[in-house]
Amino acid sequence: MNAPSVKNLLNHVGFHGAAFVSNFLNTNGPRLVLKMTLSPRALMNRGVSMDALRKFVETRVDGNDYRLIPCGSFDDMDRMYRETRFRIAAFVPGGILDAAPLFLALKDDTEG
């Protein structure tokens, strides 16, 4: 809901969305549960390049290598977290890939 904070946490600090809670504490609406990999790269900020992200999306397969989720599509996020290994990895501001802001989700192959 707070685009500048989400952009900073996902694209600069090094967090990713490890889980999605559709109705936090039954009153506070949807939330991403953030996780940071404890590595030197994550701890020293990881910077997500929008140019590199655009090239990645142009050369990879949607639904196989990545997913793009509109930021307000909470039902889609909930389903993605329950049914797939895709996890939100970056925030894409409006105007980069689409007029509306998006989340870029990548497969988390570290689970299970």
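**N8 and its helix**

In this predicted model, residue N8 sits in helix α1, which covers residues 3–13. Its relative accessible area is 39%, and because buried means under 20% and exposed over 50%, N8 counts as partly exposed. Although N8 and F91 are 83 residues apart along the chain, their C-alpha atoms are separated by 8.8 Å.

**The nonpolar cores**

F91 also appears in the largest nonpolar core, which has 13 residues, and L10, M77, M80, I88, F91 and F103 are the ones that touch the most other members. At least two residues of this core come from each of α1, α4 (74–83), β4 (86–92) and β5 (102–107). Another core lies apart from it and consists of eight residues, including L53, Y66, A90 and V92.

**The two faces of α4**

Helix α4 has three residues to follow closely, since M77, M80 and Y81 are buried. These three cover an arc of only 95 degrees around the axis, and therefore they lie on the same side of α4. The general rule behind such a pattern is that an α-helix has 3.6 residues a turn, so residues three or four places apart point the same way.

The exposed residues D75, R82 and E83 are carried by the face of α4 that is turned away from its buried side. As for the buried residues of α4, what covers them includes the strands β1 (15–21), β2 (31–36), β3 (66–70), β4 and β5. Two of these strands, β4 and β5, are also among the elements that each supply at least two residues of the largest core.

Definitions and conventions:
Residues are numbered from 1 along each chain as its sequence is written. This is a predicted model: local features need pLDDT of at least 70, side-chain atom pairs count only at pLDDT 80 or more; totals for chains, interfaces and linings use all residues. Side-chain values use heavy atoms; hydrogens and water are left out. Helices (H or I, at least four residues) and strands (E, at least two) are DSSP runs, numbered from the N terminus. Buried means under 20% relative accessible area, exposed over 50%, partly exposed in between (1.4 Å probe, protein chains only). A nonpolar core is a set of buried Ala, Val, Leu, Ile, Met, Phe, Trp, Tyr and Cys residues joined through side-chain atoms within 4.5 Å. The arc is that of the directions from the helix axis to the C-beta atoms. Contact means heavy atoms within 4.5 Å.
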